[in-house]
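Visitor: I'm new here and would like a close look at a single part of this structure. Could you pick one strand and walk me through its surroundings?

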Amino acid sequence: MLYLDNAATTPVRREALEAMIPYLTTEFGNPSSHHTFGERAAAALADARGTVARILGMRSSDVVFTSGGTEANNLAVKGITIAAHLSRHAGSARHIITTPIEHESILESVDYLRRVHGFTVTELPVDAVGRVDPGDLETALRDETALVTLGYANNEIGTIQDVPALAAIARARRVPIHVDAVQAAGWLDLSATTLGVDAISIAGHKVGAPPGTGALAVRGRVPLEPLLHGGGQERGRRSGTESVAGAVALATALALADAERAEASARVAGFRDVFVAKVLDAIPAARLTGDLVHRLPGTASFTFAGTSGEAVLLELERRGIVSSSGSACAAGSDEPSHVLLAIGIPGEVAQTSVRFTFSARIGTTDGAADARTLGEAVAASVAAVQSAA
Ligand SMILES: Cc1ncc(COP(=O)(O)O)c(C=O)c1O
């Protein structure tokens, strides 16, 4: 089987697994305990925090380990807006800016603040490839804006935003900006300093660490209200005994992915381009969704109008290729993707979408697959579905 759903999740890297084993066995201490076991666990946690901070271009004290991307995004959206609301001019910070193509963990957190706490929300428009115009952010910013939150790279279509331009506009108005870098990790530069952002979310299971690991880094000067209250771990920003093993695995996998990023991105983008060209050439109904240039190296998503996305997926799987109809989070739902609808694709065409997301190893000997052969298999699957219809 060829697994082409790496945006949903990735296997745990052996190095990450090996790095975490001691912290599940012999070095099992609680990092808050004041004895040798605790101190050794605390040292490992500090080390992991330092590695994550370096890659995210933040200070160690800015990093909060979380249970994954969803928690990191919830903490960023709720924690920053509520803290701003509590601290700024007697509650004047009541406005949030986002986009309609975000992951549910951002959209639903923003909607919670709107429904339950009366925040107002602006969704910036996106163009036909899913890009935000920085000029629209400039127009949307208000004195009462508490947060700008948006994805660095989209999980369904792979479109990359011009984060430095957007961040410069938010910062000029002194409004904190958070980016969801869950899909960008392992492919793009995550340095918050280079990007100019105030907060950044990552998830371990997208880069070879286990599910249940992740982090949010928030600049020290940005107030953050915790979601989890208790023993005051993570400098009071996320109570609960830390998973030292998880943090070590996250740091190990992220550091490896970051070190391999330049070579992997170039190789995988080359593979993807050959694959995309083959699919578009062989299937007249195929349309690539997302930006041609500003796109994650590992993402190729299409619509095959006149077919059923589900039927194409099943036919592909029969031929040994595993892909997805869009985001795994929306799986099981018959609704067309909110991302595809937002970029102007009609509902019935959106339901024919198939997303291929490559691993960083594709195109190497142990990630063996030939881009043209793969494109031909997709063409044959689509043709089989069309002729059965
Ligand atoms: C862009 C994006 N943000 C957030 C998440 C949520 O991350 P997690 O699965 O670690 O909760 C995902 C997961 O697919 C994602 O693609």
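Guide: Here is a stroll around strand β7 and the core it meets. This is a predicted model, where local features need pLDDT of at least 70, side-chain atom pairs count only at pLDDT 80 or more, and totals for chains, interfaces and linings use all residues. Residues are numbered from 1 along each chain as its sequence is written.

β7 covers residues 199–203, and 5 of its 5 residues are buried (20 or more other C-beta atoms within 10 Å of a residue's own, with C-beta atoms placed from the backbone). Strands here are DSSP runs (E) of at least two residues, numbered from the N terminus. In a regular strand the side chains alternate between the two faces of the sheet. In β7, Ala199, Ser201 and Ala203 are buried on one side, Ile200 and Ile202 on the other.

Now for the neighbours. β7 pairs with β6 (residues 177–180) in the parallel sense over 3 bridges, and with β8 (residues 214–218) in the antiparallel sense over 5 bridges; pairing takes at least two DSSP bridges. Ile200 sits opposite Val179 and also opposite Ala217 in β8.

Ile200 and Ala217 are also among the residues with the most contacts inside the largest nonpolar core, which has 114 residues. Such a core is a set of buried Ala, Val, Leu, Ile, Met, Phe, Trp, Tyr and Cys residues joined through C-beta atoms within 7 Å. Domain 1 (2–6 + 261–388) and domain 2 (14–256) both contribute residues, so this core lies between them; the domain bounds come from an automatic or database assignment.

Methods:
A residue is buried if 20 or more other C-beta atoms lie within 10 Å of its own, exposed if 12 or fewer, and partly exposed in between; C-beta atoms are placed from the backbone. Helices (H or I, at least four residues) and strands (E, at least two) are DSSP runs, numbered from the N terminus.
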